[in-house]
Amino acid sequence: MDLEKEFGNLHLSGSTKDGLIDEKLSDLVDITELFFDLGKDLSPQTIIQDPGFNSFEGTHSLEVNNPKLDSSLISLTSEEERFSCDVACGATDVERLMYVTGIVDWLARFLVCWLNEYQTLPTTVLSCRYVEFLLTVSSEREELSYLRTGDRLYDQVLCDAIYGICYFAKFVQKLLKAGVVFEEEDLNFNHMGLDFLSYVEDQELILTRLHRSIDYIESLQSPETGFLQHLLKLICCLVSLENHLKVYSADTTELDNLIEEAIYLEQQRSSECDPPPGCFSMGIQKRLSNQFPPKHLVVPTWNYKGFVIMAQDIKAVLMVDKAASMLEAAQLASFFNKLTQRHVVARALFPLFFIRDDERVLGRYSGFDCINLHLTEFCATTTASTTILSPEMTPVLQEAMNIMFEWYQNMAQNTSRYRQGYNRQLLLWDALHAQMESCEYEIASQATGEESITKTGIFMPCSSWVFFMKVTAMIEYVLKGFDLEVYKPFEAFAMFWYSYYLSYQQESCLEKVHEVIESKINSIHSLGKKIKKQKNAQKKTELKAQYRHLMDNNMESLRTNKRYLSYLLMHGSIIKSLSLCEVLQFSILKSFGVIDNKTSASKIFSNDRLLLELRLKPFSSIGVPELLTYEAFESALNDLLITEPMISSKLEKTLDRISKEVSNALTAIDTIKKCINAGDNNGLLVTGTRLVKEQALKYYDQLHASAKAIELNNAVITAKLGRSKSSSISDKFTVRLSIPNDASRFFPLLELTNSTKNKRVR
Amino acid sequence: MDKLRLPDFIGSTLHISLGDKRVLTGTLMAMDCQLNLLLDHVRETRLDDGNQRLLGLVSVPRATISSIKLDRDTLEHLCRLRQEFMRQVV
């Protein structure tokens, strides 16, 4: 912080320090000759360095007198050099209006370049001389300062617009500082040591002044002012975005206004005005503290629709406020950023809006409520609630809450961080699973009732949920690797086989929970039969009361649990079937010799076992489900290979199996889609996707396309390879992982392509 | 002063004048056999307009160096340290 201040103050104080510099220099001793003499006899390999200095850091240094690295060498045109903020550019009123419009227009479009197109502040907004000047002067006085050109358009309107833009940038800076999104990776906030209005607390002040300027422009009654008016209105909307974080407003009025203004401006291309010459330049990179090489300015395209994207993505985030259950909130988190990476502002806002400063979820639930709801929405209300309320569970639930908060935060990460986040979570879920299981077992053992006893032993609802979350994270981590194109084709078998294995484990867990829920429902129903059979009037009354209580308090949630679990089972079956299809297609291709699960790379420094173990390293310390060994993978593949005799009929059998799995997946997808469309109150399943219906449908559409593509691939493979092995086939074809149009990136196709080299590629 | 060795200057704040009216002031972190220097926490001062700014980690090729200066107190301190070191060795 102090360093930042020092950075900020340097350029201000520098020009007044001439005397001081001379005085300091006079206290210095010239050691040039000594230095160079000492260096005469150094051997060529000599490096003298500070013991704490890492030479690698040296690669990031800026080299003086190198035009590519030395920002002091930036050459400015005479207009840029001489540009003065004390004079209003433009000879006539109209020309001045055009210039001010041009500057504000560029600044607005630069915001889109900065936020939507990952550009830097110095090459966009901060390249404006007025922005640099006003921020510098204002931070000196710690209050908003204004230009003094004598022209109200400059002295008021331009300044108000710039302060509005900077206030919005301050909001973005606040989002960045919250640590949800990452500097450089998601967003660049190189403020060049300038203070972005830290001394302005009052949003109203900025808004009032913007409205004052809108009124003034209106009063000019000139047709040329329309564009500028809309620009100022757009800036007002940007300033108001802060409310979503400051007061956690879920009101989307200003976002709708922003969309409206952006659409209007997008259509006004003909109103484009040029800013005054020299107003935008690389000068700030040369003048102010700067640890980066020179970068040319961005040329802003006509990009007002970028604001629409931002506003719509923020609206998608704010929808979470309407979540009627934690399931709906979790589904929104799962889907909102899954298929396409959302705008950085929306992604940064999501966790901050969802988990408030006081750690209350959406301002409505405590952390404990949140985890309690997650658990009870997943599995039997009665059993879970008994367990949850045990004091022994408190620290475990606290841990569960922390991991769940991390899970929510991870959902808003950029696509690469998302997978990394799951990697980090795996161990947390695993540790929680062990902790939860031991705690729950203890509680269940002490319990006298038979509530938690099932055919297969003690039922542990909370541990089942943790296990489900853990395995889901594992599957997501594995399949996300395909989306990020992390795997080579030869690795496809191992990763899909592992995903199949995990889906199987997940299915077993869900079936067990489903069974318990069903037995609870049945036991309530059987109570009704007991009542009918009961002869004793008093006992009958007691049973009736018990029955009524259970029907009123538990039955509905049990039925919801059951329908939700049916959805999870169906979703899991899609992943399982598609993974198996991929595995089987791989086995066919390997049987014909066109691919292998071994690397073709040099084995001097590595081997296949090491490569597989490295790939599965994130799972190596997971207790349950146990990690498959290298031998297990090898044996699974060998069992699936099609070998002599009767290759043709064995091939047919494998192809049939694939078709059957595809058909299962398609049926499940169709059912889920119908239920998403019908809503949770009207279908066979509870999907919790009410708030992300469109995204959820698109996700299942993509899985549908993948299933279809896999089916088609069967035909392509048999057409190309024939139904009997031939030694020449392996030289003719190679396999690549490709993603068909509109298909899921989690299930790329093992596509046979003609080999360009007469060599087997793995 | 003639007893000083190059490693003694590591960690010292050097004032390096470049040919183009710029002075770089920063902590010497490393140098190679050609006396290309690596300075950290560099402050650039333009002598023509007095403007100062921070640049961070900067590499200074020998060919760009006009002069290297060191604060008198620091130099004396370095000399004392070297003498003390020599006494201990002897």
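**Notebook: aromatic pairs and nonpolar cores**

I counted the aromatic ring pairs in this predicted model and obtained 34 over all chains. I then examined one of them, Tyr498(A) with Phe619(A): the ring centres are 5.0 Å apart and the planes stand at 55°, so I entered the pair as tilted. This pair links distant parts of chain A, 121 residues apart. Tyr498(A) belongs to helix H22 (residues 492-533), while Phe619(A) lies in the loop between helix H24 (608-615) and helix H25 (630-640).

Are these two residues buried or exposed? I found Tyr498(A) to be buried, at 0% relative accessibility. Phe619(A) is buried as well, with a relative accessible area of 0%.

I next looked up a cluster joined by ring pairs; its members are Phe336(A), Phe350(A), Phe354(A), Trp407(A) and Tyr408(A).

I also noted charges placed over rings. The charged end of Arg417(A) sits over the ring of Phe182(A), 3.8 Å from the centre. Across chains, Arg62(B) has its charged end over the ring of Phe36(A), at 3.9 Å from the centre.

I turned to the nonpolar cores. The largest has 245 residues, and Tyr130(A), Phe307(A) and Tyr408(A) touch the most other members. Helix H23 (residues 537-591) of chain A supplies the largest share of this core, 21 residues. Apart from this core I recorded another, of 30 residues, including Val29(A), Ile16(B), Val58(B) and Cys79(B).

Which residues does Phe307(A) contact, leaving aside its neighbours within four places in sequence? I listed Ala108(A), Leu111(A), Val112(A), Leu234(A), Leu238(A), Leu258(A) and Ala262(A).

Conventions:
Residues numbered from 1 in each chain as written. Chains lettered and ligands numbered in written order. Predicted model: local features only at pLDDT ≥ 70, side-chain atom pairs only at ≥ 80, totals over all residues. Heavy atoms only, no water. Phe/Tyr/Trp six-rings, centres within 6.5 Å; stacked < 30°, edge-to-face > 60°. Helix = DSSP H or I, 4+ residues; strand = E, 2+ residues; numbered from the N terminus. Buried < 20%, exposed > 50% of the residue type's maximum accessible area, 1.4 Å probe, protein only. Lys NZ or Arg CZ within 6 Å of the ring centre and 35° of its normal. Core = buried A, V, L, I, M, F, W, Y, C linked by side-chain atoms within 4.5 Å. Contact = heavy atoms within 4.5 Å.
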